[in-house]
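Here's a quick briefing to read with the model open beside you. Take it one topic at a time, and turn the structure around as you go.

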Amino acid sequence: MQSNAALEYDYSLAKKFTFLTILFGFLAMLVGTLIAAQMAFPELNYLIGEYGTFSRLRPIHTNTAVFGFTVSGIFATWFYVGQRVLKVSMAESKFLMVIGNIQFWIYFVGALLATISLLFGISSSKEYAQYQWPFDLVVVVIWVLWGVGMMGLIGIRREKALYISVWYYLACFLGIAMLYLFNNMAIPTYFATEGLGSIFHSVSFYAGTNDALVQWWYGHNAVAFGFTVPIVGMIYYFLPKESGQAIYSYKLSLLSFWGLMFVYLWAGSHHLLWSTVPDWMQTMGSAFSIVLILPSWGSAINMLLTMKGEWNQLTDNPLIKFMVLASTFYMLSTIEGPIQAIRSVNAIAHFTDWIPGHVHDGVLGWVVFMIMAAIFHMAPRMFKREIYSKKLMEAQFWLQTIAVVLYFTSMWIAGITQGMMWRAVDEYGNLMYSFIDTVTVLHPYYTIRTLSGVMYLLGFMMFAYNIYKTMTSGRQLTEEPQFRTPMA
Amino acid sequence: MFFHWLEKNPFFFAAAISIVISFAGLIEIVPNFAKAAKPLVGMEPRTVLELAGKNVYMKDNCQSCHSQMIRPFKSETDRYGDYSLSGEYAYDRPFLWGSKRTGPDLHRIGNYRSTDWHENHMLAPADIVPGSIMPAYKHQFTNIADIETAYAEAVTVKNAFHTPYGPEFKRTRAAWDAHRPKVLDDAKAIAADMKNKDVKEAVANGQVPEIVALIAYLNSLK
């Protein structure tokens, strides 16, 4: 076979994971919108008994967003991008296909069971690591399978040099593996005794302050290696592909990648400012958070400059809009984070709604936008059909953009209001507000947030519908589009 | 160029990533580990009933809205009491500091709320605190707490981490059967301050509703 002959790539796994991305994305946003509504209208709480309280549902929202939606998106794009940048088809190796399919099914069933376990309150209580030990083991199996598949594909590659996206996927794999293993270390109590009590229960390897340190080393970097690293990997592939532009600077991508790898993990302790963690660790966390602006903005600027001279595409290709907006939200989020990591700011911001506000401008504006853009780009290539509706895509873009803006602005105001009220004192130095005053004042902002949730969810349903119609009734394509995604 | 070489050698590339991402954990977390694990002098680990209550707290995910970390600011010590010390958490597995205060901090709630207050509040929070957005937790009055698991937890942390539980804490079912009446006595002491008939009846019949364990735990937060 000639080296420049077009390869027939196998997209079966990319398609399967795309379906899961949409399914879990919908679920995560649906539950998210519900719990946002519960904060504005608490009577929505007990609708399905104990399984309908905010507190039970919140981990389902977060874990489905992280381990359902985002991880599916990472897998879906990996099974698409991996083959193409390594110039090798999955179909060339039966072994890789089998491993990939086992990974898919264990992941699908495991994710559903793990979600149900949270509904029943089977939880180890560490944020974004709530799954109890049996489900942790399933996660490990899935991750190892993915690693085997990834290494296997790299092993049989034709293109010798690893493209930038592969660096990021590789880092995602290694980073999450390390973090997840260490943070979830626990002893099942059933097996440490003569079979006493529940088989699901376990105790953490670490206690108190140590447990907090390990947890936030994990929690912060699960964001790093789940919400940042693979998404940057995606944009490094999809933006040049969609725009037909070469990456602006190789050196900047080198600096950003290795910078991100080195700096990110130090910043975890900024979640523990003013806590009982030693001061020097808190200071380290603050300082490295500021340094983190450099590699984060490095990637984002590299992406924006890739569009240099081609900004007209922004007006006529909605997919470029999605990706440019994603980069912009990435910049916003990665300057906001370091600001919150400054001690004096953190004293006000910590424990308030500004923190979920920050998380959501990052996730809704950056992660979800980029994953949706990736799926829009992949769909015509995977299904050999044109995108069903450009108009719908445009409408979705604006609806969701307004939703994100409403979300973070309302939560900024809510957070800073509450933070200031907690510390407000009268002329005699007495606290001015009782706690409940600082809750009731937030009602309008919680209502706006609920509205933004509904809008974003609607936008996501428009996205799902557009993809569904593309699959089933988009105009058939005879050959694969080179750059710009064709849309009706 | 080094990086061009690295990008053609996936094994070394992966090794390089692993080394670069390991630094932070090694330098930031490891050195302080032994020191941060020390309890305050004279601190007792939680009783089995309190542990069962902590597990109810985790099951209903109270920490998603309540912190247990009083920061060293006057506005916080005025509102909640003394600021938190590392040693106070030495037996907490997992730590339950929380990251969001949709409701107030609970680290010293045992100092200023009573069994009676919690009983009313968990049934209908907005009746006790007008404007409260906290859900009611009625199911805790009928669900039975898993005190056997709590005992298993105590035995596990004793054997694995030398948490100072007494010699009567053993891995066997016989040891649990011997300890069980002690847990029920503690539960009776809590139930005596409660009004709910079903709860009182359950405790009299040797069962511990979740609310009883939870209140025992909340009362121990001082």
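What percentage of the 222 residues of chain B count as buried? The figure is 47%. Keep in mind that you're looking at a predicted model, so each number below is computed from predicted atoms. We'll start with the two chains one by one, then see how they meet, and finish with some backbone details.

**Chain B: overall build**

- Chain B is built from 11 helices and 0 strands, so if you read from the N terminus you just meet one α after another.
- A compact globule of 222 residues would have a radius of gyration near 17 Å, but chain B comes out at 22 Å.
- Its C-alpha trace spans about 80 × 50 × 35 Å along the principal axes of chain B.
- The domain assignment splits chain B into domain 1 (2-36) and domain 2 (48-220).
- Between the C-alpha centres of those two domains of chain B there are 40 Å.
- Take the contacts in chain B with a separation of 6 or more: 73% of them are between residues 24 or more positions apart.

**Chain A: overall build**

- Chain A has 17 helices and 2 strands.
- For 488 residues, a compact globule would have a radius of gyration near 23 Å, and chain A agrees with that at 23 Å.
- Along the principal axes, the C-alpha atoms of chain A fill a box of roughly 80 × 60 × 45 Å.
- Of the 488 residues in chain A, 57% are buried.
- Among contacts in chain A between residues at least 6 apart in sequence, 81% join residues at least 24 apart.

**Where the chains meet**

- Chain A puts 73 residues into the contact, and chain B puts in 73 residues too.
- On the chain B side, the elements giving two or more residues are α2 (10-28), α3 (33-36), α4 (48-59), α5 (74-80), α8 (147-161) and α9 (173-192).
- The biggest giver on that side is α2(B), with 11 residues.
- Sort the chain B residues that touch chain A by type and you get 38 nonpolar, 18 polar and 17 charged.

**The nonpolar core**

- The largest nonpolar core has 215 residues, and those with the most contacts inside it are A:Ile235, A:Met323, A:Ala326, A:Met370, A:Ala373 and B:Val212.
- Helix α7 (residues 208-243) of chain A supplies the largest share of this core, 20 residues.
- Domain 1 (2-36) and domain 2 (48-220) of chain B each add at least three residues to this core.
- Leaving out residues up to four places away in sequence, B:Val212 touches B:Ala187, B:Ile190, B:Ala191, B:Val199 and B:Val203.

**A helix with two faces: α10(B)**

- In helix α10 (residues 197-204) of chain B, the buried residues are B:Val199, B:Ala202 and B:Val203.
- Why do the buried residues of α10(B) line one face of the helix? Seen down the axis of α10(B), they fall within an arc of 95 degrees, so they line one face.
- Flip to the face turned away from that buried side and you find the exposed residues B:Lys197, B:Asp198, B:Glu201 and B:Ala204.
- The cover over the buried residues of α10(B) includes α9 and α11 (210-220) of chain B.
- Just after α10(B), B:Gly206 takes a positive phi of about 85 degrees.

**Backbone details to look up**

- The peptide bond from B:Arg93 to B:Pro94 is cis, with omega near -5 degrees, and B:Pro94 sits in the loop between α5 and α6 (115-123) of chain B.
- A:Phe351 isn't a glycine, yet it has a positive phi of about 75 degrees.
- You'll find A:Phe351 in the loop between α13 (343-349) and α14 (354-383) of chain A.
- Is A:Phe351 buried or exposed? A:Phe351 counts as buried because it has 25 C-beta neighbours inside 10 Å.
- B:Asn61 is another residue other than glycine with a positive phi, near 55 degrees, and its place is in the loop between α4 and α5 of chain B.
- With 22 other C-beta atoms within 10 Å, B:Asn61 is buried.

Methods:
Residues are numbered from 1 along each chain as its sequence is written. Chains are lettered from A and ligands numbered from 1 in the order in which they are written. This is a predicted model: local features need pLDDT of at least 70, side-chain atom pairs count only at pLDDT 80 or more; totals for chains, interfaces and linings use all residues. Two residues are in contact if their C-beta atoms, placed from the backbone, lie within 7 Å. Helices (H or I, at least four residues) and strands (E, at least two) are DSSP runs, numbered from the N terminus. Ala, Val, Leu, Ile, Met, Phe, Trp, Tyr, Cys and Pro count as nonpolar, Asp, Glu, Lys and Arg as charged, and the others, Gly among them, as polar. A residue is buried if 20 or more other C-beta atoms lie within 10 Å of its own, exposed if 12 or fewer, and partly exposed in between; C-beta atoms are placed from the backbone. The arc is that of the directions from the helix axis to the C-beta atoms. The radius of gyration is taken over C-alpha atoms; the globule rule is 2.2 Å times the number of residues to the power 0.38. Domain bounds come from an automatic or database domain assignment. A nonpolar core is a set of buried Ala, Val, Leu, Ile, Met, Phe, Trp, Tyr and Cys residues joined through C-beta atoms within 7 Å.
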